[in-house]
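Please take a moment with the sequence and the structure shown here, and then follow the paragraphs below, which go through the model step by step.

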Amino acid sequence: QMRMGTLKPLLVVNRQTSMNQEERAKCHERRDRFFQCLQQHATLSRTASAKEDSALFTDPPSACKELQKLYEESCLRSWRRHFNEKWILDRRMRTMEVSSSRP
């Protein structure tokens, strides 16, 4: 016999694994606003390591903290991990392109 207190609510389980179209749109919009803020307010060194870039997601500039909170509330953890890694990779690729185009 299963006790009632041992079951997780179905809504919580579904929320952790999938999102509907409206939730995905909200996630993408909040991700874009947070990343735009990072681009504007973070000190992005051309020589920063991937670890230093990753620190932006644990300790963003103060101007971006509220946007980060909204982003984290709206997007699944696995999605955030993917988006953050892609943002770092894209930033590093742009930095390499700029560096290689200079004489």
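**Charged pairs, confidence and surface**

With a salt bridge taken as a side-chain nitrogen of Lys or Arg within 4 Å of a carboxyl oxygen of Asp or Glu, the count in this predicted model comes to 4 salt bridges. Side chains of opposite charge can pair when their charged atoms come close.

One of these salt bridges joins E29 and R33, whose closest N and O atoms are 3.2 Å apart. Both residues belong to helix α2, which covers residues 21-41, and they are 4 residues apart, about one turn of the helix. E29 counts as partly exposed because its relative accessibility is 35%, and R33 is likewise partly exposed, with a relative accessible area of 37%.

Another salt bridge is found between K86 and D90, where the N to O distance is 2.9 Å. Because K86 and D90 are 4 residues apart in helix α5, about one helical turn separates them. K86 has a relative accessible area of 42% and is therefore partly exposed, while D90, at 29% relative accessibility, also counts as partly exposed.

The pair of K65 and D59 involves a loop, since D59 lies between α3 (50-58) and α4 (65-74). The side chains of K65 and D59 meet in a salt bridge of 3.1 Å, N to O. D59 is exposed, with a relative accessible area of 52%, whereas K65 counts as partly exposed at 37% relative accessibility.

Helix α4 also holds S74, and here the question is whether this residue is buried or exposed. At 4% relative accessibility, S74 counts as buried, because buried means under 20% relative accessible area. Its side chain is joined to that of R30 by a polar contact of 2.7 Å.

On the surface, L89, M93 and M96 form a nonpolar patch, and together these residues have about 310 Å² of accessible area. M96 is found in helix α5, which covers residues 77-101, and it counts as exposed because its relative accessibility is 52%.

How far the picture can be trusted varies along the chain. The mean pLDDT of the protein is 80, and 72% of its residues reach 70 or more. Among the elements, α4 has the highest mean pLDDT, at 96, and helix α1 (residues 10-17) the lowest, at 46. Over residues 7-15 the pLDDT is below 50, and this stretch has 6 contacts in the model beyond near neighbours in sequence. Where pLDDT is low, the predicted coordinates should not be read in detail.

Definitions and conventions
Residues numbered from 1 in each chain as written. Heavy atoms only, no water. Patch = residues over 30% accessible without salt bridge, like charges linked within 9 Å, V, L, I, M, F, W, Y side chains within 5 Å. Areas by Shrake-Rupley, 256 points an atom, 1.4 Å probe, with all protein chains shown as cover. Helix = DSSP H or I, 4+ residues; strand = E, 2+ residues; numbered from the N terminus. Buried < 20%, exposed > 50% of the residue type's maximum accessible area, 1.4 Å probe, protein only. pLDDT = per-residue confidence, 0-100. Contact = heavy atoms within 4.5 Å. Polar contact = N/O pair within 3.5 Å; in protein donor to acceptor, adjacent residues only side chain to side chain.
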